[in-house]
Amino acid sequence: MGENIPSPHAVVVPLPAQGHINPLLHFADLLRDRGFFITFINTEWSEKRMLQSSKQFSHRSNFRFLSFSDGLPPEHGRTDQLGELLVTLAKCGPALEELLRSCSGVPPVTCIVTDSAMSCTLSVAANLGVPRVVFWIICAAASITQKYANVLLSQGHIPVKVSEAKRPEKLISGVPWSIPDLLPTDLISSYREQYESDIIFKAFLFESQQSNEADYTLVNTFDELEGRDAISALSTNGCPALAVGPVFLPKVLQGEESKLGSMWDEDESCLEWLDKQRTGSVLYVSFGSLALKSQQQLDELALGLEGSGQPFLWVLRSDIAQGQNAMLPEGFEKRTRDRAFIASWTPQLKVLAHASVGGFLTHGGWNSTLESISMGVPLLGWPCLGDQFLNCRFAKDIWKVGLEFKDVDVEENRLVPREEVERAVRDLMENEQLRKRVFELKEAAIKAVMPGGSSYTNITTFIQDMLEKAEFPSAFVRGKKDHGEFLE
């Protein structure tokens, strides 16, 4: 940086959950590459779990990690008790502000980039006198349903009565937010009728209100996937709303993909196994970091994978069997050892980018969905919670890049039998139309993040707006050569 020009300084605050930390960490790294000093703030609980990332970033200039206590006891389940976590975090504004004010020797804060579910940043940004930039880690359509949840509540769409969700008259049509018509089950699952008296229902409604208090809005998607009008619907009181994703993709294209934000030990030996498989032959199976399955369902899944005859790489978390160690059917490992690899966690981006992978059986979290699209891998959706129901349906019906299991959106405990798993896997792996469509979107995603692309240009616009609000010198806004050409 120029000797007399300090770096702009972005404070980045994710919700302390794996799927929220990753995209914000990727975005923070992109801002660092474009000249920003980054303060990435975790809770003490999440920082301990992502120690590897802290070590990885320790050698990078202009990037530091800070943490604060979430006020919960060590034995609290955190994301397993999400409602309680959200309520507690909403009260952490004073602790967060004190942490920032106690630091010296760093540039003044330019902006706070906050997870849409971290309402505690509202008072902090106001007291520091800097813009509050709300970052949506879910797709634009799901973000809209959360942003306008109180409107949907007033219209009677929330709480969602799953028993009536398939009735045609319950379709949420004509919404003024430039997205396709919605099924009631497309709404975030915390708004379902059975949760109406729970703390999580009220916590999500509160966070919905607070997400509207933004000076700027960013979303981890790209214009070519969801449309510019859908992104604009996230604007609040005329503040800009821009698509800046897929935020992980620029580093992948530069060959710099890494373990950013991983709270799990990744088994990279699976990549050697993939090297030995035929191109496009392997089904990747992973349900993310939170989804749980019954032991009976895991048995049916295993036997369905076996029956499909397809090679598969299965991420089998140690706690996936409703918090217990999963048991595999007797003889299963022996019968499938020539075409199966089972791991507790994998480097997912590297797996999806591997030439041997031809399909992804997924819970449909937005990170996984966007990664699969960006790597050109069609999806088989099996949603469990949150925004996953919308992602899986849109992947099938709107974006035409996937399939999904029938009625898992309305029957939470529905047992999907082995025969259905086997048939769905074969349909996915043999569907050339899906493969062609997802390849088209892969190319669009790559173009979006390259110089001149929609997301790249939107990030540049965001940076310029932040610098102008902070009254940085015009020479810095234009981007001098000695500033790393970060605004070219």
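Q: In this predicted model, what makes Arg-437 partly exposed?
A: Arg-437 has a relative accessible area of 28%. Partly exposed residues fall between the limits of 20% and 50%, so Arg-437 belongs to that class.

Q: Why is Glu-440 called partly exposed?
A: The relative accessibility of Glu-440 is 39%. Because this value also lies between 20% and 50%, Glu-440 counts as partly exposed.

Q: What makes the pair of Glu-440 and Arg-437 a salt bridge?
A: The closest N and O atoms of Glu-440 and Arg-437 are 3.5 Å apart. The cut-off is 4 Å between a side-chain nitrogen of Lys or Arg and a carboxyl oxygen of Asp or Glu, so the pair qualifies. Both residues lie in helix 20 (residues 432-449), 3 residues apart, which is about one turn of the helix.

Q: Why are Glu-422 and Arg-426 said to be separated by about one helical turn?
A: Glu-422 and Arg-426 are 4 residues apart in helix 19 (residues 418-429), and therefore about one helical turn separates them. Their side chains meet in a salt bridge, with an N to O distance of 3.1 Å.

Q: How do you know that Glu-422 is partly exposed?
A: Glu-422 has a relative accessible area of 22%. Since buried requires a value under 20% and exposed a value over 50%, Glu-422 is partly exposed. Arg-426, at 34% relative accessibility, is likewise partly exposed.

Q: What makes Lys-251 and Asp-29 a salt bridge?
A: The closest N and O atoms of Lys-251 and Asp-29 are 3.4 Å apart, and the limit is 4 Å. Lys-251 lies in helix 12 (residues 249-253) and Asp-29 in helix 1 (residues 18-33), so the pair ties together parts that are 222 residues apart in sequence.

Q: Why are Lys-251 and Asp-29 called buried?
A: Lys-251 has a relative accessibility of 7% and Asp-29 one of 1%. Buried means under 20%, so Lys-251 meets the criterion, and so does Asp-29.

Q: How do you know that His-354 is buried?
A: The relative accessible area of His-354 is 17%. This is under 20%, and therefore His-354 is classed as buried. His-354 lies in the loop between helix 16 (348-353) and strand 11 (357-362).

Q: What makes the pairing of His-354 and Asp-275 a polar contact?
A: The side chains of His-354 and Asp-275 are joined at 2.7 Å, and a polar contact requires N or O atoms within 3.5 Å. Leaving aside neighbours within four places in sequence, His-354 is in contact with Leu-271, Leu-274 and Asp-275.

Note on methods:
Residues numbered from 1 in each chain as written. Predicted model: local features only at pLDDT ≥ 70, side-chain atom pairs only at ≥ 80, totals over all residues. Heavy atoms only, no water. Helix = DSSP H or I, 4+ residues; strand = E, 2+ residues; numbered from the N terminus. Buried < 20%, exposed > 50% of the residue type's maximum accessible area, 1.4 Å probe, protein only. Polar contact = N/O pair within 3.5 Å; in protein donor to acceptor, adjacent residues only side chain to side chain. Contact = heavy atoms within 4.5 Å.
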